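Where are the pockets of this protein, and what lines them? The report below takes them in turn.

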Amino acid sequence: MRRLLAPGGCPWDREQTLESLRPYLIEEAFEVLEAVETGTPAEHCEELGDLLMNIVFHAALREQEGAFTIDDVVRSISDKLVRRHPHVFAEAQADSSEAVLAQWDEIKRRERDEKRAAGGAGDAVPRTLAGVPLALPALARAQQVSARAARVGFDWPDAAGCRDKITEELGELDRAVTDGDQAAIEHEIGDLLFAAVSLARKLGCDAEGALRACTRRFTARFEHIEDRLRERGRTPAESNLAEMDALWDEAKGLTRGSEPP
């Protein structure tokens, strides 16, 4: 990467900035997820390399500024892993995932306090939800926010409370629809989605992954509809809902037993 960015290196690479690289970083992260979900180990390996290249690229640009190098990046995360796992690298005790998370949060809190005391970055007041990236996909960010609030006790005692909240939000959405209030509809849709994410968390599901899997199933089944209609010399626009529903059920039947209904 240093060679690519040096005089006489690659013209395209030399034109890039941290801002211009943002879309590529996001794209490569999602391609890693896709490889995990639907690819082979070889594809996963390749996509991890592409993601790593973006990390190296960012570090190389910062190195040109004199800010830090890729060695600093690796040293920083290595030090952090040791510091936040005292139950492995020191004498602390943590015998469950819950204890590990509680210890992790306490260590992060102390680190923030130390930064503030040294005049470094950080909120004047510790924030439970600080650090959840704004750039995360909405479902993933909602689940992280919900989980962090739950760690300090702001949560339903069981999944039934989340389910009741969904019913409550559906009722509020129905009233907004009846009133024809578009702003209220969008507000209530957001509340309903957040309640669904909280239920997913409570049931031990990854909301982002669940929706991605659902969308893959929908895509495969709809493509089945398109293929069968093409054999009949028609397109979906030239079909009707009854015919497409029948083909949808046919597509579901083909995968019955290999996935939930």
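What follows describes two pockets of a predicted model.

## The largest pocket

The largest pocket has a volume of about 650 Å³. Its lining is made up of 18 residues. Nearest the centre of this pocket lie Ala29, Pro133, Ala135, Leu136 and Pro137.

Three helices each supply at least two residues of this lining: α3 (18–38), α8 (138–151) and α11 (207–231). The most comes from α3, which gives six residues. By residue class, the lining of the largest pocket splits into 10 nonpolar, four polar and four charged.

## The second largest pocket

About 490 Å³ of space lies in the second largest pocket. This pocket is lined by 18 residues. Closest to its centre are Leu101, Asp105, Arg148, Arg151 and Val152.

Two elements, α7 (97–117) and α8, give two or more residues to the lining of the second largest pocket. The largest share is that of α7, with nine residues. The class split here is seven nonpolar, two polar and nine charged.

## Lining by helix and class

Helix α8 appears in both accounts. It supplies at least two residues to the lining of the largest pocket, and two or more to that of the second largest. The leading contributor is α3 in the largest pocket and α7 in the second largest.

Which residue classes make up each lining? The largest pocket has 10 nonpolar and four charged lining residues. The second largest has seven nonpolar and nine charged. Polar residues number four in the lining of the largest pocket and two in that of the second largest.

Note on methods:
Residues are numbered from 1 along each chain as its sequence is written. This is a predicted model: local features need pLDDT of at least 70, side-chain atom pairs count only at pLDDT 80 or more; totals for chains, interfaces and linings use all residues. Side-chain values use heavy atoms; hydrogens and water are left out. On a 1 Å grid over the protein atoms alone, a cavity is a set of points where a 1.4 Å probe fits but cannot get out, and a pocket is an open set with protein on both sides within 12 Å along at least five of seven lines; lining residues have an atom within 4 Å of a point. Grid points are joined across faces, edges and corners, and a volume is the space filled by probe spheres set on the points. Helices (H or I, at least four residues) and strands (E, at least two) are DSSP runs, numbered from the N terminus. Ala, Val, Leu, Ile, Met, Phe, Trp, Tyr, Cys and Pro count as nonpolar, Asp, Glu, Lys and Arg as charged, and the others, Gly among them, as polar.
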